[in-house]
Amino acid sequence: MAQGIRLSEIVEKMNLKNLTPEVDWEEKEVNVPDVNRPALQLAGFYDRFDSNRVQIIGNVEYRYVQTLSEEKREETFDKLLAHPLPCIVFSRGIVPEERFLQKAVKNDVPIFNTTKQTSDFMAEIIRWMNVRLAPCISIHGVLVDVYGVGVLIMGESGIGKSEAALELIKRGHRLVTDDVVEIRKVSEETLVGSAPNITKHFIELRGIGIVDVRSMFGVQSVRETQNIDLVITLEDWSRDKEYDRLGLEEQYTEFLGNKVVCYRIPIRPGRNLAIIVESAAVNHRQKQMGYNAAQELYKRVQENLAKKSK
């Protein structure tokens, strides 16, 4: 599991307004990629309370508290804020009463609010924290977005990965990262790739040096993250090696326990890698949509043989 997310990063990313400037919250961390709406807790039920999550209070919870007597409200505030909460966020621009803020400061619980709708804010912060806190590895390769397909190009150093990526960018596709790819497992089916901050938007071309893709080709030529849908491994062509010429059976490679379709592409002079990668991406999309060219050819051959045997 990745390191926790600093609360200061969440506040900046989600554009939250700080309602308790007296609380020293910038070094606090959130370690769970989920949130909690403490409706049951405000009603007095604390069994299995996920106090280590970001707590979100929406319009329903807030209106419920307003219906309580002053004495009961004080008791509700005390019970909730007695737990070691990372923070509480009020949605819809709600500003809680001053008494609640004073108790939060006393218990060292930072309070924020956002103008977003409760469900929209929850969806946004959960999605973002799932990516940030997902298990992560770094590998050597190039990740590009080709027709919406995340293609991870791998191979030995100097085989032409960056050159292929540059040609793809010139053809209108988008770079995610060159040289180092940070891969995060955000679900059992999804891997997301991104660039380390230090190398973001740069490509290294041997003999030329470092190229800033965003400055050279514009902001439309890069993107921050991309799902990894397909792996293409480049290798030197060998006369003695057998290569798949039909593609009837998918080959896979594995990252963090997730399998990804993998093609091994032999490299020799005269092969246009950019067009090959484009074709692989489109072919992968066709398979995802239910059409497999190799199986269609096999079907035609079988039908032809059946006609001849009659």
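**Cysteines, salt bridges and a pocket**

Cysteine 262 is buried, with a relative accessible area of 8%. Cysteine 87 is buried as well, and its relative accessible area is 1%. This is a predicted model, and its count of disulfides comes to zero.

Threonine 114 offers a good place to look inside the fold. This residue sits in the loop between β7 (111-113) and α6. Its relative accessible area is 3%, so threonine 114 counts as buried, the limit being under 20%. Leaving aside neighbours within four places in sequence, threonine 114 is in contact with Leu16, Val89, Phe90, Ser91, Arg92, Gly93 and Phe121.

Charged side chains come next. Across the whole structure, 22 salt bridges are found. One of them pairs aspartate 34 with arginine 53, with 3.6 Å between the closest N and O atoms. Aspartate 34 belongs to the loop between β3 (29-30) and β4 (35-36), and arginine 53 to the loop between α2 (39-42) and β5 (54-57), so this pair ties together parts that are 19 residues apart in sequence. Aspartate 34 itself is partly exposed, at 25% relative accessibility.

A salt bridge can also form within one helix, as lysine 72 and glutamate 75 show, with an N to O distance of 3.9 Å. Both lie in helix α4 (residues 70-81), and because they are three residues apart, about one helical turn separates them. Lysine 72 is partly exposed, with a relative accessible area of 36%, and glutamate 75 is partly exposed too, at 34%.

Lysine 287 and glutamate 250 form another salt bridge, their closest N and O atoms being 3.5 Å apart. Here distant parts of the chain are linked: lysine 287 is in helix α9 (residues 273-288), while glutamate 250 is in the loop between β17 (230-236) and β18 (252-255), 37 residues apart. Lysine 287 is buried, at 16% relative accessible area, whereas glutamate 250 is partly exposed, at 27%. In addition, Glu74, Asp78, Arg99 and Lys103 are joined into one network by salt bridges that share partners.

Finally, there is open space to explore. The second largest pocket has a volume of about 560 Å³. It is lined by 16 residues, of which Trp128, Val131, Arg132, Ser194 and Thr225 are the closest to its centre. At least two lining residues come from each of α1 (7-14), α6 (118-132), β12 (180-185) and β13 (191-194), and α6 gives the most, with four. By type, the lining of this pocket comprises eight charged, five nonpolar and three polar residues.

Terms used. Residues are numbered from 1 along each chain as its sequence is written. This is a predicted model: local features need pLDDT of at least 70, side-chain atom pairs count only at pLDDT 80 or more; totals for chains, interfaces and linings use all residues. Side-chain values use heavy atoms; hydrogens and water are left out. On a 1 Å grid over the protein atoms alone, a cavity is a set of points where a 1.4 Å probe fits but cannot get out, and a pocket is an open set with protein on both sides within 12 Å along at least five of seven lines; lining residues have an atom within 4 Å of a point. Grid points are joined across faces, edges and corners, and a volume is the space filled by probe spheres set on the points. Ala, Val, Leu, Ile, Met, Phe, Trp, Tyr, Cys and Pro count as nonpolar, Asp, Glu, Lys and Arg as charged, and the others, Gly among them, as polar. A disulfide is a pair of cysteine sulfur atoms within 2.5 Å. Buried means under 20% relative accessible area, exposed over 50%, partly exposed in between (1.4 Å probe, protein chains only). Contact means heavy atoms within 4.5 Å. A salt bridge is a side-chain nitrogen of Lys or Arg within 4 Å of a carboxyl oxygen of Asp or Glu.
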